[in-house]
Amino acid sequence: MNSLTNKNIILGVSGSISAYKAPDIVRRLQDLGAQVKVILTEGGAKFITELSLQSISKNKVHYNLWDEDAELSMGHIELAKWTDAILIAPASANTIANIALGKANDLLSSVILASNAALLIAPAMNLKMYQSHALQDNLLTLISRHAIIIKPESGEQACGDIGIGRLVEPLSIAKQVAKQFISTKLTGKKVLITLGATIEAIDPVRFISNHSSGKMGMALINACIEMGASVICIYGNITTTLNEKSNNMPIISAQQMYTKVMNNIAGQDIFIACAAVSDFSVKNTKNQKIKKDGKNLILELIPNKDILADVCKLGKKPICMGFAAETQNTLKNAQKKLKNKGCDVIILNDVSNTDFGSNVDENEVVFLSQNLNKKIAKNSKKKVAKKILAIFIKEYL
Ligand SMILES: Cc1cc2nc3c(=O)[nH]c(=O)nc-3n(C[C@H](O)[C@H](O)[C@H](O)COP(=O)(O)O)c2cc1C
């Protein structure tokens, strides 16, 4: 399945009569899961309004290289870094010539020069213009630089001539963009991941929490996104950076995480419970700071609801992967967790060894399911995440 889930696409719209099809191209790219930002050339702006493209793309339309606000943060470089592919559709003969010459005299050509992303060009013009030696030479130059040309179709043209030069249909253009990205068995899957530590209040200034950093969960999120999954990230206290391509939802307590998961789990294909959720919360959280009075303080803790177990009990449950952080009888405890919670996979984390596990960059885990008991040797959390997902995909997708 070709998909543009998690992909950022720049659509360059240049001065061709077929620029009226640009909003439809934006739609088709979005249908495949892409975020689209439009760059309108000077010629393009004569044929289609900024307003239509902004309304459809739901993003500001960029057209001015000399935009002082955008250039405060080097707008053209930002756009070049943001995009995963640049599509020019329609591509006018003039814009094609500009790019073939390697010019940087407008925003679109500057972004193209500043980007390593795939470049796709969909020419649209009168057949004589298209067949001209100059245009064909320019296309060959661009092909030699690995640009992909979406060859125009034949038919009746706006000028009345009949022949090659008509812009390819928007859906077909969008599909060709999607083909540039490798699809995996996770492509298009919906994954909900919890990560980080929950915080249970004792009073307004004190709390019970744990050492989880969220790094393992974030490594899984990044890997899922790279493989084309659409990810909901429900996170507690973390010391790592969020991925802006996931739908990020913060929570504080275990109860809040429970509610957020239950409100968002419907329709998810996979649930990965990587958060270190507090098993207990304080029974009578105080509204005012507790004062010391020389006596012992006894806190009564009540058990929290078990998120993973309750998701596993859902009628239409996703494939569930839980994490078990254990310090003793690790394998036995993890196997017990697998059985008692009714989940599909448990990733066992032996946190008695401080070289890996919580709050560090490396991990060593065991992938446990009914049929499998596979050790994933110590490595960066990024690599461990990829190995976990590779086994998971092989076993379940
Ligand atoms: C009515 C009209 C229609 C045009 N249609 C096309 C076209 O389909 N393809 C093309 O390459 N140029 C077409 N042109 C010429 C371009 O708009 C012109 O070369 C312009 O400078 C391109 O600007 P740009 O490269 O900044 O987009 C057309 C011009 C006019 C006036």
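**Exercise 1. Find which atom of the ligand threonine 41 approaches, and at what distance.**

Step 1. Start at the side chain: a polar atom of threonine 41 lies 2.7 Å from an oxygen atom of the ligand.

Step 2. Turn to the backbone. A polar backbone atom of alanine 93 is 2.7 Å from a ligand oxygen. For glycine 43, the backbone distance to a ligand oxygen is 3.2 Å.

Step 3. Add the cover. Alone, the ligand exposes 640 Å², and the protein buries 62% of that (Shrake-Rupley method, 1.4 Å probe).

This is a predicted model: local features need pLDDT of at least 70, side-chain atom pairs count only at pLDDT 80 or more, and totals for chains, interfaces and linings use all residues. Residues are numbered from 1 along each chain as its sequence is written, and side-chain values use heavy atoms, with hydrogens and water left out.

**Exercise 2. Describe the shell around the ligand by class and by helix.**

Step 1. Sort by class: 6 nonpolar, 9 polar and 1 charged residues. Gly counts as polar here.

Step 2. Pick the helix. Helix α5 (residues 93-100) gives the most, with 3 residues (a helix is a DSSP run of H or I, at least four residues).

**Exercise 3. Decide whether serine 246 is buried or exposed, then list its polar partners.**

Step 1. Serine 246 counts as buried because its relative accessibility is 8% (buried is under 20%, exposed over 50%, partly exposed in between; 1.4 Å probe, protein chains only).

Step 2. The serine 246 side chain reaches the backbone oxygen of asparagine 243 at 2.9 Å.

Step 3. A polar contact of 2.6 Å links the side chains of serine 246 and asparagine 248 (a pair of N or O atoms within 3.5 Å; within protein, one must be able to donate a hydrogen and the other to accept it, and residues adjacent in sequence count only if both atoms are side-chain atoms).

Note on methods: Helices (H or I, at least four residues) and strands (E, at least two) are DSSP runs, numbered from the N terminus.
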